[in-house]
Amino acid sequence: MSGDDGPPSSRDEPPQFVQYGMDIVGSAGAVLLVGLLLFAVSGVWPPLVAIESASMDPHIEKGDLVFVMEEERFAGPNAVHGVVTNQRGDEYVRFEQRGDVIVYNPDGNERRTPIIHRAMLYVEDGENWYSRAEPEFIGGADNCSELANCPAPHAGFITKGDNQLSNRKYDQVGSDPISEPVKPEWVIGTAEYRVPLLGEIRLGWNQAAQPTPATAV
């Protein structure tokens, strides 16, 4: 006479450490799948960047996680090499101001921490762009000869952080510029969306991996 065999014996279950390992693999696989999907949409790897400084306050804040997209994919109106500058933006607004916010390698150096700042204007090779610059962002220069990177050593973007307290001039001016005009090939992508505070997790991992502070962006 057959009957109910009852619940399965604990001997039929995998050991606890095996279950733990399977959970880790499953979680890692889910994260990898999400990352691959984001990469397929953005065309940039990694598609998410953590913000390390307050240079874009109040529109993008320290600790935010920002989704970055390859600049040519969905370029806005009047774009130059896929990027809409502040001067050409008109009603094209990103993060509460005109123009695209770009992520770029300063001076094209991939070993330096990428910068995330707004593209203000695009200059041509050899251009005297002094008259096109906003007077309050040129560090007190009275003419092109007093303005760093003027005439422009090559074509590229003039950039600036939105934070008016800590970023009072273009990245390309002053006695120690952050970067020369940003060549299109130095651009990693354009910032599209931000998730507040989620970047703190990644920044915490970076600090745990290396004792020295990361370079501000």
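**Close-up A. Asp107 and Arg112 form a salt bridge.** The closest N and O atoms of this pair are 3.6 Å apart. A salt bridge here is a side-chain nitrogen of Lys or Arg within 4 Å of a carboxyl oxygen of Asp or Glu. The model is predicted: local features need pLDDT of at least 70, side-chain atom pairs count only at pLDDT 80 or more, and totals for chains, interfaces and linings use all residues. Residues are numbered from 1 along each chain as its sequence is written, and side-chain values use heavy atoms, with hydrogens and water left out. Asp107 is partly exposed, at a relative accessible area of 36%. Arg112 is also partly exposed, at 34%. (Buried means under 20% relative accessible area, exposed over 50%, partly exposed in between; 1.4 Å probe, protein chains only.) In total, the structure holds 4 salt bridges.

**Close-up B. A salt bridge joins Arg118 and Asp162.** Their side chains meet at 2.6 Å, N to O. The pair links distant parts of the chain, 44 residues apart. Arg118 sits in strand β6, and Asp162 in the loop between β7 (156–160) and β8. Strands are DSSP runs (E, at least two residues), numbered from the N terminus. Both partners, Arg118 and Asp162, are buried.

**Close-up C. Arg194 meets Asp64 in a salt bridge.** The N to O distance is 2.6 Å. Arg194 belongs to strand β8 (residues 187–195), while Asp64 lies in the loop between β1 (48–50) and β2 (65–69), so the pair ties together parts that are 130 residues apart in sequence. Arg194 is partly exposed, with a relative accessible area of 30%. Asp64 is buried, at 1%. Side chains of opposite charge can pair when their charged atoms come close.

**Close-up D. The largest nonpolar core has 15 residues.** A nonpolar core is a set of buried Ala, Val, Leu, Ile, Met, Phe, Trp, Tyr and Cys residues joined through side-chain atoms within 4.5 Å. Leu121, Val123, Trp129, Leu147, Ile158 and Tyr170 have the most contacts inside this core. Strand β6 (residues 115–123) supplies the largest share of the core, 3 residues. Apart from this core lies another, of 12 residues. Ile102, Ala119, Tyr122 and Val182 are among the residues of that second set.

**Close-up E. Leu147 and its contacts.** Leu147 touches Trp129, Tyr130, Ile138, Ala141 and Val173. Residues up to four places away in sequence are not counted. Contact means heavy atoms within 4.5 Å.

**Close-up F. Cis peptide bonds precede Pro58 and Pro151.** Asp57 and Pro58 are joined with omega at about 0 degrees. Pro58 lies in the loop between β1 and β2. For the bond between Cys150 and Pro151, omega is about -5 degrees. Pro151 lies in the loop between β6 and β7.

**Close-up G. Asp90 and Glu96 have positive phi.** Most residues other than glycine have a negative phi, and most peptide bonds are trans. Phi of Asp90 is about 50 degrees. Asp90 is found in the loop between β2 and β3 (93–94). Its relative accessibility is 51%, so Asp90 counts as exposed. Phi of Glu96 is near 70 degrees. Glu96 is found in the loop between β3 and β4 (97–98). At 64% relative accessibility, Glu96 is exposed.

How values were computed: Helices (H or I, at least four residues) and strands (E, at least two) are DSSP runs, numbered from the N terminus.
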